[in-house]
Amino acid sequence: MYGIMDLRSVPVKLAAVALAGSVLAAAAGCSAENKGPQVTSTATSKPNSSESGTGTPSGSTTPEPGAAVSPSSGAASEGATASTDAASASPSAAATAVSWKTYSDPAKTVSFDLPKDWIAQSGTPEAGSLPGAVKVEVKDAVGRYIATLHTGLPPSSPSACAEGQGRPYVVISSVPLDVPHSDGPDTIDPRVVFRVIQGYKFFGSYGITNMVAGADGQSCELRNRVQGPAGKGDYFFGDVPAIHAFAADEKVAPAKSFDTLDLAAKYAVHGSEFANVQRMLLSLKVNL
């Protein structure tokens, strides 16, 4: 589960859920409680291969982030049942911005690329951050929040997920990322991911992580967090530090919500926003 394919030269977009109506049968429509289509839980499913990098995509690959490939044979096993005959011929990948620039903090501890008209603003690190911590907020050209980069976070363990409390989740996109990290029994090599967890809707979040989300396609919380080298603290780069199955009275933004799993996949595979976000996250350089 903890292996990784060397795909740094060929980023792979894993369309884990087919981009066709057959991903979820129409019969799984809204319930009387106005919940979205239900993901079929698979009690015998294996951990999501696309998260750990052990899966082999069945479709073609392209050298640019944002490119669509046909579904991985194992990627849909985590909490969803996808049609095996879904169309593999996807529309062309969403284009990223034409002009880019590079942000670097004054101490040169982090740098990343972002579209030329996006804004990177440094801020005050959260209380309890380690000395030298960096916090940067990224907004698009009209000032809409995109992501936060925060280093020097005190190491923390994920919240316990009681038996039976986990919710089905799917890794829609997972691409290797070369950044400093520590290894442990519950870690994988760092990835740039877009993942969706099922609640009354399908809640999606993008970010970087080297933490295993859950077992058998079930999780209580998906963390966008990389465990840094010993003594250096953890760091995250994404829309939210963690995502869970939100309750109806909880604020979801800046995480994403979708009425169907198919719409979540289309956002990641064909959306220009995610193409730009993924390229930005993949450009991250960390000097701890």
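**Entry 1: salt bridges**

I started with the side chains of Glu137 and Lys139, which meet in a salt bridge at 3.7 Å, N to O. The model is a predicted one, and I read every contact here with that in mind. I looked up the exposure of both partners. Glu137 is partly exposed, at 27% relative accessibility. Lys139 is also listed as partly exposed, at 22%.

How many salt bridges does a search of the whole structure find? I got eight. The background is simple: side chains of opposite charge can pair when their charged atoms come close.

I went on to Arg144 and Asp140. Their side chains form a salt bridge at 3.1 Å, N to O. Is Asp140 buried or exposed? I found it buried, because its relative accessibility is 9% and the cut-off for buried is under 20%. Arg144 is partly exposed, with a relative accessible area of 43%.

Then I took Lys201 and Asp259. Their closest N and O atoms are 3.3 Å apart, and the pair counts as a salt bridge. I checked where each one sits. Lys201 is in the loop between strand 7 (187-198) and strand 8 (202-211). Asp259 is in the loop between strand 13 (256-258) and helix 2. The pair therefore ties together parts that lie 58 residues apart in sequence. Lys201 is partly exposed at 29% relative accessibility, and Asp259 is partly exposed at 42%.

I also looked for shared partners. Asp140, Arg144 and Glu273 are joined into one network by salt bridges that share partners.

**Entry 2: helix 2**

I asked how enclosed this helix is. Seven of the ten residues of helix 2 are buried, so the rest of the structure largely encloses it. I listed the buried ones: Leu261, Asp262, Ala264, Ala265, Tyr267, Ala268 and Val269.

What do the buried residues of helix 2 pack against? I noted strand 6 (167-176), strand 7, strand 8, strand 13 and helix 3 (272-282).

I then picked His270, which belongs to helix 2 (residues 261-270). His270 counts as partly exposed because its relative accessibility is 25%, and the cut-off for buried is under 20%. I checked one long-range pair as well. His270 and Ala95 are 175 residues apart in sequence, yet their C-alpha atoms are 8.8 Å apart in space.

**Entry 3: nonpolar cores**

I pulled up the largest nonpolar core, which has 40 residues. Which of its residues touch the most other members? I wrote down Phe112, Phe194, Tyr206, Ile208, Phe237, Met280 and Leu284.

I followed Met280 further. Leaving out residues up to four places away in sequence, Met280 touches Trp100, Phe112, Asp113, Leu114, Trp118, Val138, Ile146, Ala147 and Phe237. Phe112 and Phe237 also appear in my list of core residues that touch the most other members.

Another core lies apart from the largest one. I counted eleven residues in it, among them Ala213, Val240, Ile243 and Phe246.

**Entry 4: the disulfide**

I searched for disulfides and found one. A disulfide is a covalent bond between the sulfur atoms of two cysteines. Here the partners are Cys161 and Cys220, with their sulfur atoms 2.0 Å apart. I checked the handedness: the link is right-handed, with 70° about the S-S bond.

Where do the two cysteines lie? Cys161 is in the loop between strand 5 (145-153) and strand 6. Cys220 is in the loop between strand 9 (218-219) and strand 10 (222-223). The pair therefore ties together parts that are 59 residues apart in sequence. I found Cys161 partly exposed, with a relative accessible area of 40%. Cys220 is partly exposed too, at 25%.

**Entry 5: backbone exceptions**

I ended with the backbone. Most residues other than glycine have a negative phi, and most peptide bonds are trans.

I noted a cis peptide bond from Ala253 to Pro254, with omega near 10°. Pro254 is in the loop between strand 12 (242-243) and strand 13.

I then looked up two positive phi values. Lys108 is not a glycine but has a positive phi of about 60°. Lys108 sits in the loop between strand 1 (100-104) and strand 2 (110-115). Lys108 is exposed, with a relative accessible area of 55%.

Asp216 has a positive phi of about 55°, and is not a glycine either. I placed Asp216 in the loop between strand 8 and strand 9. Asp216 counts as partly exposed, at 36% relative accessibility.

Methods
Residues are numbered from 1 along each chain as its sequence is written. This is a predicted model: local features need pLDDT of at least 70, side-chain atom pairs count only at pLDDT 80 or more; totals for chains, interfaces and linings use all residues. Side-chain values use heavy atoms; hydrogens and water are left out. Helices (H or I, at least four residues) and strands (E, at least two) are DSSP runs, numbered from the N terminus. Buried means under 20% relative accessible area, exposed over 50%, partly exposed in between (1.4 Å probe, protein chains only). A nonpolar core is a set of buried Ala, Val, Leu, Ile, Met, Phe, Trp, Tyr and Cys residues joined through side-chain atoms within 4.5 Å. Contact means heavy atoms within 4.5 Å. A salt bridge is a side-chain nitrogen of Lys or Arg within 4 Å of a carboxyl oxygen of Asp or Glu. A disulfide is a pair of cysteine sulfur atoms within 2.5 Å.
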